[in-house]
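Here are a few warm-up exercises, each with a worked solution. Grab a coffee and work through them with the model open.

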Amino acid sequence: MHGRVKVKSTAQQEEEKRKEREKKLKIYVAARDACFSKRKEGIWDEGALQITQQLLSSNPDFGTLWNYRREILMHLETVKDEDEVQKIYEAELSFLESCLKVNPKSYGSWHHRDWVSTRLPRPDWARELSLCDRCLSLDDRNFHCWDYRRMVVKMSGVPVDQELAFTDRLIGSNFSNYSSWHYRSTLLPLLHPESPELPSPPRSSLPPSPQTHSHRVCEEQLLKEYELVQNAFFTDPNDQSAWFYYRWLLGRAEREEMISCVFVSREEERVSVAFSRPVNAQSVGLLLVLDGLPQRVEWRSVHPRFKHSPVWICDLPPGTVSDITNEHNLTVHWMEKHTHRDCALYTGRTESWCRDSATDQELFRSELSVEKTSVLQSELQSCNQLQELEPLNKWCLLTIVLLMRALDPLGYEKETLAHFQTLKEVDSTRSAYYSDLCSKFMIENTILKMEYAEVRVFSISDKNLTTLCHLDQLLLVTHINLSSNQLQRLPPQFAALQCLEVLEADNNSIENLEGVYHLPKLEEVLLKNNKISSLADLQPLASCLKLKRLDLRGNPVTRVANVESELAELLPSVSDLLL
């Protein structure tokens with residue numbers, strides 16, 4: 001009709017768009033193929049540079065093209081003078097800015113900018129720092145930009161206090177800026193380092209590592225940081241960024257790497273060594289010296305699945321220590337750490353050990369510092385005040401639990417369990433995590449109680465345990481009771497219990513016995529009312545050669561035909577089989 005604009009149908013518009021896309025794709029593919037041909041022919045001229053620029057302008061994440069572009073630029077460096085190279089690289093930086101406008105989180109663009117900046121004859125670091133400021137003002141969580149900024153700061157020698165002030169500004173404008181909190185944690189130890197402590201007497205003639213406590217912050221600055229972060233989580237208690245930073249502030253240096261226990265048995269003629277962290281004995285270098293003579297022994301982890309294990313064992317040559325009338329002195333040298341541990345096997349004793357206790361080392365308080373109890377007590381009071389205002393805030397509740405454990409894990413046990421119950425109710429999607437963490441803390445408390453009582457019996461029945469941990473701390477335990485919990489497996493780490501004689505694990509949901517592997521002293525296993533359903537599940541018990549008593553009543557496997565005869569064949573040493 002006259003005077004009316006003809007509107008194209010949707011089908012017509014889609015067809016035109018399709019044709020336009022095909023046209024662009026053909027142009028793009030042709031340019032790409034031309035680019036690949038030039039690279040194959042070894043052409044590194046400015047024409048090739050222009051083609052890659054056209055392609056990368058529309059798709060800045062084409063890694064192969066960035067590689068080709070770097071080859072071209074490196075070639076031009078060899079045929080141009082310094083001023084010309086400067087202009088080429090400055091133009092490259094301008095081109096990269098346009099790419100970042102297309103995709104501010106382009107891996108290829110940021111990696112290439114890093115490469116260009118370090119090759120620029122006369123870099124303008126102030127300009128690069130300004131670019132980072134602009135990018136972070138648009139997206140303060142752009143981790144590519146944060147990485148690039150750290151490089152710029154390092155190359156240009158920006159003072160640490162200036163960078164710390166930068167994080168102040170970003171955090172002040174947005175408490176939820178996790179990247180700024182994290183960056184702050186890397187700067188504070190440089191600007192306000194903790195005074196070095198007097199080292200404990202070394203176990204060898206070499207000095208202690210200079211890295212000890214290097215990531216900690218002095219107390220004066222810590223108090224200021226506590227105030228800053230409290231302002232953040234009192235303002236927005238549900239924002240996790242400040243809580244994570246708070247956890248870091250409360251932390252302390254990691255536990256010293258060392259040999260924590262050496263155990264020697266005359267009967268098995270075996271030496272077991274426990275470390276403060278999992279190690280590979282084949283690579284770190286262990287040397288066993290017996291009565292002043294180095295021994296040729298083969299170290300193996302307690303379970304074949306472990307290349308790195310906190311416990312390693314070796315068999316001594318036959319007859320070496322078996323005579324109970326002889327006294328022996330053993331030393332295990334950890335060559336990598338220049339440290340060692342001595343152990344004396346006295347006349348008349350069938351076994352001996354030398355160890356550091358979890359109690360003495362405050363091992364289970366390592367997640368939070370216990371060096372300044374008054375400060376932690378003050379922080380606990382502040383968190384309790386917030387919890388009164390926000391009784392269902394999970395971050396506050398979890399931090400209170402950690403503070404209580406740092407101050408007095410046994411004294412606050414009742415309150416800790418109550419808080420875990422609340423956490424599971426208010427944050428039900430993470431209920432399993434809280435159950436596992438609560439299990440970890442209960443095991444730690446039980447280890448402390450066991451050590452205070454100076455016994456080798458570990459009993460933690462009817463505590464709703466969902467997982468097992470710290471099993472390397474139980475190397476000397478002879479009797480363990482895990483009955484009436486919610487355990488589903490005995491993990492490979494269970495093999496660290498090299499002195500175990502009796503295992504009680506009735507009334508769980510155990511399906512897997514993988515960790516009950518080659519326990520040399522194990523004689524009695526009680527597994528009533530679990531979920532062991534096949535003989536294959538019991539296979540690890542076959543490696544326990546001293547096993548005499550096995551109780552499997554209430555397990556599905558007891559309903560399998562001929563199970564008794566097959567078990568007798570699998571476990572010939574068992575004389576008391578209860579089905």
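**Exercises on a predicted model**

**Exercise 1.** Find out what share of the contacts with a separation of 6 or more comes from residues 24 or more positions apart.

*Solution.* This is a predicted model. Take the contacts in the protein chain with a separation of 6 or more; residues 24 or more positions apart account for 61% of them. For context, the chain's secondary structure comes to 18 helices and 15 strands.

**Exercise 2.** Set the radius of gyration of the protein chain against the value for a compact globule of 579 residues.

*Solution.* Start with the reference: a compact globule of 579 residues would come out near 25 Å. The protein chain has 32 Å instead. Next, look at the box along the principal axes: the C-alpha atoms fill roughly 105 × 65 × 60 Å. Finally, turn to the surface: about 29400 Å² is accessible, with 51% belonging to carbon and sulfur atoms, and buried residues make up 46% of the 579 residues.

**Exercise 3.** Is Val574 buried or exposed? Then work out which residues it touches beyond its sequence neighbours.

*Solution.* Locate it first: Val574 sits in the loop between helix 18 (563-570) and strand 15 (576-578). Its relative accessible area is 15%; buried means under 20%, so Val574 counts as buried. Now skip neighbours within four places in sequence: Val574 is in contact with Leu547, Lys548, Arg549 and Leu550. As for Lys548, it is 26 residues away along the chain, yet its C-alpha atom and that of Val574 are separated by 4.1 Å.

Note on methods: Residues numbered from 1 in each chain as written. Predicted model: local features only at pLDDT ≥ 70, side-chain atom pairs only at ≥ 80, totals over all residues. Heavy atoms only, no water. Helix = DSSP H or I, 4+ residues; strand = E, 2+ residues; numbered from the N terminus. Rg over C-alpha atoms; globule rule 2.2 N^0.38 Å. Buried < 20%, exposed > 50% of the residue type's maximum accessible area, 1.4 Å probe, protein only. Contact = heavy atoms within 4.5 Å. Areas by Shrake-Rupley, 256 points an atom, 1.4 Å probe, with all protein chains shown as cover.
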